[in-house]
Amino acid sequence: MAALLRGSRCLAGKCHNHVNAAQVSIRSMASKTQVGFIGLGNMGNPMAKNLMKHGYPVIASDVFPESCKELQELGAQILDSPADVADKADRIITMLPSSPNVIDVYTGPNGILKKVKKGSLLIDSSTIDPAVSKEMAVAAEKLGAVFMDAPVSGGVGAATSGKLTFMVGGLEEEFNAAKELLSCMGANVVYCGQVGTGQAAKICNNMLLAIGMIGTAETMNLGIRLGLDPKLLAKILNMSSGRCWSSDTYNPVPGVMEGVPSANNYQGGFGTTLMAKDLGLAQNTATNTKTPVPLGSLAHQIYRMMCARGYASKDFSSVFQFLREEEDKCG
């Protein structure tokens, strides 16, 4: 079946760049063939586990061997490089920190494209510059493979519970093949359009998330200084027009909610460094498209300052703690 899948791009002696209905059905017939997964960090590890829970044999690789240990104990095959994974699997998912990592994993000396097979489906769930996604798609197409961007929203909690939202960009006729895998890891899989549009949706979401988190932190801090109990204030906000995800699901004030980073000294979750990176992507795309984003720009500066002040490895909701420290400096 794997051989049939790999050869599915060549029908009647002709090789097609675009997949027709027959090819799509061939790919979906191979439903439980092995899947490659590259990048086993805070997000990639639970995502790969959920693929295994749904019966997919996983072949994985990570630049840090210790990241592979847990998955290996669960039965995954661990290989040395992305190229080795591409040699074994026709469907590969990547979950990496940044654009340079993606470029290296796909086009580097030991990258996926060194050994990718014709007919392979490559899904990148990293959050990167949309222009890089487009470059990777062009490089993959030259080798007869299909690249799709599918960044996620929901954080580590949703990755663990299999309730991520995937924003997918790429060939529409390949969407169902991608959705088959992504549905094992997410509750929502949304087709956004051509390659790069998934990244565009993710960048927009994270810019709003940062602005909302800063606003929630400022609001909670002001209320506390005015003598309000933080739990009571959160309750009022969450039944009023100021309600948002940062207030009702991921509150940044310690003691207001359980099971969130603010309840654990801002450990885990979505790191401040990563938020600063995503806001940088938003800033770059806003500049390129001449789009005014004054609050997005300010949020970017705040998170960059946090990185320089010792918050880099803390969850992005630690902006509440950062504001409190700034307040203390003001006397």
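Which residues form one aromatic cluster? Trp245, Tyr250, Phe270, Tyr303 and Phe316 do. The model shown here is predicted. The views below start with the whole chain and then move to its parts.

**View 1. The whole protein chain holds 15 helices and 11 strands.**
The radius of gyration is 21 Å. The globule rule gives 20 Å for 331 residues, so the chain is as compact as a globular protein of that length. Along its principal axes, the C-alpha trace spans about 75 × 45 × 35 Å. Buried residues account for 50% of the 331 residues. Take the contacts with a separation of 6 or more: 63% of them join residues 24 or more positions apart. The accessible surface is about 15000 Å². Carbon and sulfur atoms supply 56% of that surface.

**View 2. Strand β3 pairs with β4 and with β6.**
Strand β3 covers residues 35-38. Val35 and Phe37 point one way. Gly36 and Ile38 point the other way. All four are buried. Strand β4 (residues 58-61) pairs with β3 in the parallel sense, over 4 bridges. Here Ile38 stands opposite Ser61 of β4. Between these two strands the chain passes through helix α3 (residues 44-53). This β-α-β crossover is right-handed. Strand β6 (residues 91-94) also pairs with β3 in the parallel sense, again over 4 bridges. Facing Phe37 in β6 is Ile93.

**View 3. Strand β8 is covered on both faces.**
Strand β8 covers residues 146-149. Val146 and Met148 lie on one side. Phe147 and Asp149 lie on the other. Are these residues buried or exposed? All of them are buried. Strand β7 (residues 121-124) runs parallel to β8, and 4 bridges join the two. One of the bridge partners is easy to name: Leu121 goes with Val146 in β8. Helix α7 (residues 130-142) completes the picture, as β7, α7 and β8 make a right-handed β-α-β unit.

**View 4. Ser99 sits in helix α6.**
The helix covers residues 99-107. Ser99 has a relative accessible area of 13%. The cut-off for buried is under 20%, so Ser99 is buried. Which residues does Ser99 touch, leaving out those up to four places away in sequence? They are Ile128, Asp129 and Val132.

**View 5. Helix α9 is largely enclosed by the rest of the structure.**
The helix spans residues 175-182. Why is it called enclosed? Of its 8 residues, 6 are buried, so the rest of the structure largely encloses it. The buried ones are Phe175, Ala177, Ala178, Glu180, Leu181 and Leu182. Phe175 is the one to follow into the next view.

**View 6. Phe175 and Tyr191 form a tilted aromatic pair.**
The count for the model comes to 7 aromatic pairs. In the pair of Phe175 and Tyr191, the ring centres are 5.4 Å apart and the planes meet at 55°. Phe175 belongs to helix α9, and Tyr191 to strand β11 (residues 186-193). The two are 16 residues apart in sequence, so the pair ties these parts together. Phe175 has 11% relative accessibility and counts as buried. Tyr191, at 27%, counts as partly exposed.

**View 7. Phe270 and Phe316 form an edge-to-face pair.**
The ring centres are 5.9 Å apart. The planes stand at 75°, so the pair is edge-to-face. Phe270 lies in the loop between α12 (245-248) and α13 (272-288). Phe316 lies in the loop between α14 (294-311) and α15 (319-329). How many residues separate them? They are 46 residues apart, and the pair links distant parts of the chain. Both Phe270 and Phe316 are buried. Both also belong to the aromatic cluster, along with Trp245, Tyr250 and Tyr303.

**View 8. Arg243 lies in the loop between α11 (230-237) and α12.**
Arg243 touches Leu237, Asn238 and Asp248, with residues up to four places away in sequence left out. Gly212 is 31 residues from Arg243 in sequence. In space, the two are 9.9 Å apart, C-alpha to C-alpha.

Key:
Residues are numbered from 1 along each chain as its sequence is written. This is a predicted model: local features need pLDDT of at least 70, side-chain atom pairs count only at pLDDT 80 or more; totals for chains, interfaces and linings use all residues. Side-chain values use heavy atoms; hydrogens and water are left out. Buried means under 20% relative accessible area, exposed over 50%, partly exposed in between (1.4 Å probe, protein chains only). Two strands pair if DSSP finds at least two bridges between them. A crossover is right-handed if, with the strands pointing away from the viewer, the path from the first strand over the helix to the second runs clockwise. Rings of Phe, Tyr and Trp (its six-membered ring) pair if their centres lie within 6.5 Å; planes under 30 degrees apart count as stacked, over 60 as edge-to-face and the rest as tilted. The radius of gyration is taken over C-alpha atoms; the globule rule is 2.2 Å times the number of residues to the power 0.38. Contact means heavy atoms within 4.5 Å. Accessible areas come from the Shrake-Rupley method with a 1.4 Å probe; for residues, only the protein chains shown count as cover.
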